[in-house]
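Reader: I am new to protein models. Can you take me through this one, step by step?

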Amino acid sequence: MNWIETVAYAQEGGGSGQGWLTIAMLGGMVALFYFLLIRPQQKQRKAHRELVGALSRGDEVVMASGMMGIITRVEDDYIIVRVAKNVELRFQKYAVNASLPKGTLDV
């Protein structure tokens, strides 16, 4: 079959039976992106929101910058973190990257 016959065959509708396969492949790609990219990111965002919401005085935290300290005061959108003796810094709550177990830091 040469290219002219192939084009004529496609125009006649001979190849239209593959349309469902294309739609199924597209649906599969959407599902793959959802389960590999979107869903894990939503779970991670939810876990971070819960972490930020549960911050309280005395928690030992790691900031996004890598700085570690103990929370001395919690305000609306900010926390005060003691990073050394007589050194307290003010951070946004969402800058908290992780919470450490109690007794990890000697500040």
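The questions below go from the overall layout to single residues.

Author: This is a predicted model, so to speak of local features pLDDT of at least 70 is needed, side-chain atom pairs count only at pLDDT 80 or more, and totals for chains, interfaces and linings use all residues. Residues are numbered from 1 along each chain as its sequence is written, and side-chain values use heavy atoms, with hydrogens and water left out.

Reader: In what order do the elements run from the N terminus on?

Author: Helices (H or I, at least four residues) and strands (E, at least two) are DSSP runs, numbered from the N terminus. The protein has 2 helices and 5 strands. From the N terminus on, the order is α-α-β-β-β-β-β.

Reader: What percentage of the 107 residues is buried?

Author: Buried means under 20% relative accessible area, exposed means over 50%, and partly exposed lies in between (1.4 Å probe, protein chains only). Among the 107 residues of the protein, the buried share is 17%.

Reader: Which strands each supply at least two residues of the largest nonpolar core?

Author: A nonpolar core is a set of buried Ala, Val, Leu, Ile, Met, Phe, Trp, Tyr and Cys residues joined through side-chain atoms within 4.5 Å. The largest one has 8 residues: Leu55, Val61, Met63, Ile71, Ile79, Val81, Phe91 and Val96. At least two residues of this core come from each of strand S1 (60-63) and strand S3 (78-84).

Reader: Which residues does Leu55 contact, leaving aside neighbours within four places in sequence?

Author: Contact means heavy atoms within 4.5 Å. Leu55 belongs to the largest nonpolar core. With those neighbours left aside, its contacts are Val61, Ile71, Val74, Ile79, Lys93 and Val96.

Reader: Which residues make the nonpolar surface patch of about 790 Å²?

Author: Patches are made of residues with over 30% relative accessible area and no salt bridge; like charges are joined within 9 Å, nonpolar side chains (Val, Leu, Ile, Met, Phe, Trp, Tyr) within 5 Å. Areas come from the Shrake-Rupley method with a 1.4 Å probe, and for residues only the protein chains shown count as cover. Leu32, found in helix H2 (residues 19-53), is partly exposed at 44%. The patch of about 790 Å² is made by Met29, Leu32, Phe33, Tyr34, Phe35, Leu36, Leu37 and Ile38.

Reader: Why does the salt bridge of Lys102 and Asp59 tie together separate parts, and how many residues apart in sequence are they?

Author: A salt bridge is a side-chain nitrogen of Lys or Arg within 4 Å of a carboxyl oxygen of Asp or Glu. In the bridge of Lys102 with Asp59, the closest N and O atoms are 3.3 Å apart. Lys102 lies in the segment after strand S5 (96-100) and Asp59 in the loop between H2 and S1, so the pair ties together parts whose separation in sequence is 43 residues.

Reader: Is Asp59 buried or exposed?

Author: Its partner Lys102 has 58% relative accessibility and counts as exposed. Asp59 has 12% relative accessibility, so Asp59 counts as buried.

Reader: Which residues are joined into one network by salt bridges that share partners?

Author: Glu75 and Arg73 meet in a salt bridge at 3.5 Å, N to O. Arg90 and Glu75 meet in another at 3.2 Å, N to O. Through the shared partner, one network joins Arg73, Glu75 and Arg90.
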